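Thanks, everyone. Let me put the model up, and then we'll walk through it.

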Amino acid sequence: MESIFHEKQEGSLCAQHCLNNLLQGEYFTPVDLSSIAQQLDEEERMRMAEGGMASQEYRTFLQQPSGNMDDSGFFSIQVISNALGVWGLELILFNSREYQSLMINPINEKAFICNYKEHWFTIRKLGQQWFNLNSLLTGPELISDTYLALFLAQLQQEGYSIFVIRGNLPDCEAEQILGVMRVHQQQRPKLIGEDEAQSSGQGRSITHSQMETGPSLEEERVDEDEEELKKALALSREDMEVEDEEADLRRAIQLSMQGAVMSNKSSESKGGSIAKTSSQSAGGAVRGPSAGAQNETLSAEELRRRRQAYFDRQSQQHQAHPVCSPQTESNPPCSTGLRETSPKEDPQGSSQ
């Protein structure tokens, strides 16, 4: 592959690269092609002057720019055809009826020149193998005999004009080497600038990913801080709710105990010693305001248990004696529904 001459793209001199890659050497320069183009322009001017130099067509022709070259380095097919004519080579349009009627297999040809939108490149046979010598590639591209016809058909579908090269091409080193040996291409060449575009694209993607990663990490930290704050607020609310429940429970027990004391005093005024005994027995379980003050120092669990016990006793009392009649000698006072508590059952540990 190193023996194959391959001129890479410079500016818009694709016509020059196409000719030199076809001939396998630096045979033409931009100055050479410009001279051919100027010669063609002069021949066209002389033909237009035959109709009269005072005619409107001739004046319009002189005002128009050259159709054979421009300042960018483009050269027309006429320039390329005249340049190849120096070497005795001829161009034939590949898809013309004249050529198609010959029914020639493309692999039996020597070379092709392809043109699309002012771009020219060469496909040439060196030895027994075909190569795409497009100046836009980083190197020659090996084309198999089977793929050659498909490749030409694909170029025609893409809008390329294909020309067959007829005549004897000059001898070259690649022709001699590849005539006795075949080459194998492990990796196909890429378009010029494709590697740079990929590397720059990777750099941009890395920078873009870094820019995206930065804010995401900050957002994660903010989210974590918010989650911790929410957890702390939830725990504080739970503590406040527990404290509020305990305070409400203490107030309810105090009120219930005060109600029990007032009920006991009323029973003493009506029932005498029996009511007094009942009040004392009830007082063994429930004390007055001083007992309530002591209960405030008890734990929340103990307060809940005593409050529940008090409500249970009240419920039993109302179920046993829903209506209490006045006390007489024949009618003893109503029972308070409270049982006598033994010293072992006294919550305060006192015995009557």
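Where is E118 found? In the loop between strand 2 and strand 3. Bear in mind that this is a predicted model.

Why start there? E118 has a positive phi of about 65°, and it is not a glycine. Most residues other than glycine have a negative phi. K117 lies in that loop too, between strand 2 and strand 3. K117 also has a positive phi, about 50°, and again it is not a glycine. Now accessibility. K117 has a relative accessible area of 66%, so it is exposed. E118 comes in at 47%, so it counts as partly exposed.

Next, the sheet. It is open, with six strands in the order 1-6-2-3-4-5, and the pairing is antiparallel. Which strands are at the edges? Strand 1, residues 90-93, and strand 5, residues 141-143; each pairs on one side only. On average, neighbouring strands are turned by 30° against each other, ignoring direction.

Look at one pair. Strand 3, residues 119-126, and strand 4, residues 129-132, are antiparallel over four bridges. K125 stands opposite W130 of strand 4.

Now the helices on the sheet. Helix 4, residues 77-85, lies across strand 1, strand 2, strand 3 and strand 6. Helix 4 runs at about 135° to strand 1. Helix 6, residues 145-157, lies across strand 2, strand 3, strand 4, strand 5 and strand 6. Its angle to strand 3 is about 165°.

On to the interior. In soluble globular proteins, nonpolar side chains tend to be buried together. Here the largest nonpolar core has 25 residues. Which of them touch the most other members? L33, I80, L84, I113, W120 and I165. Two or more residues each come from helix 1 (14-23), helix 2 (30-49), helix 4, strand 2 and strand 6. Helix 1 gives the most, with six residues.

Stay with W120 for a moment. Leaving out residues up to four places away in sequence, W120 touches C14, A15 and C18, among others. Its contacts also include F74, F75, S76, I77 and I80. I113, C114, N115 and F163 complete the list.

There is also a second, separate core, of 16 residues. Among them are I92, F94, C114 and W130. You have met two of those names already: W130 stands opposite K125, and C114 is touched by W120.

That's the tour. Questions, please.

Note on methods. Residues numbered from 1 in each chain as written. Predicted model: local features only at pLDDT ≥ 70, side-chain atom pairs only at ≥ 80, totals over all residues. Heavy atoms only, no water. Pairing = 2+ DSSP bridges. Axes fitted to C-alpha atoms, helices over the stretch in contact; angles between N-to-C directions. Contact = heavy atoms within 4.5 Å. Buried < 20%, exposed > 50% of the residue type's maximum accessible area, 1.4 Å probe, protein only. Core = buried A, V, L, I, M, F, W, Y, C linked by side-chain atoms within 4.5 Å.
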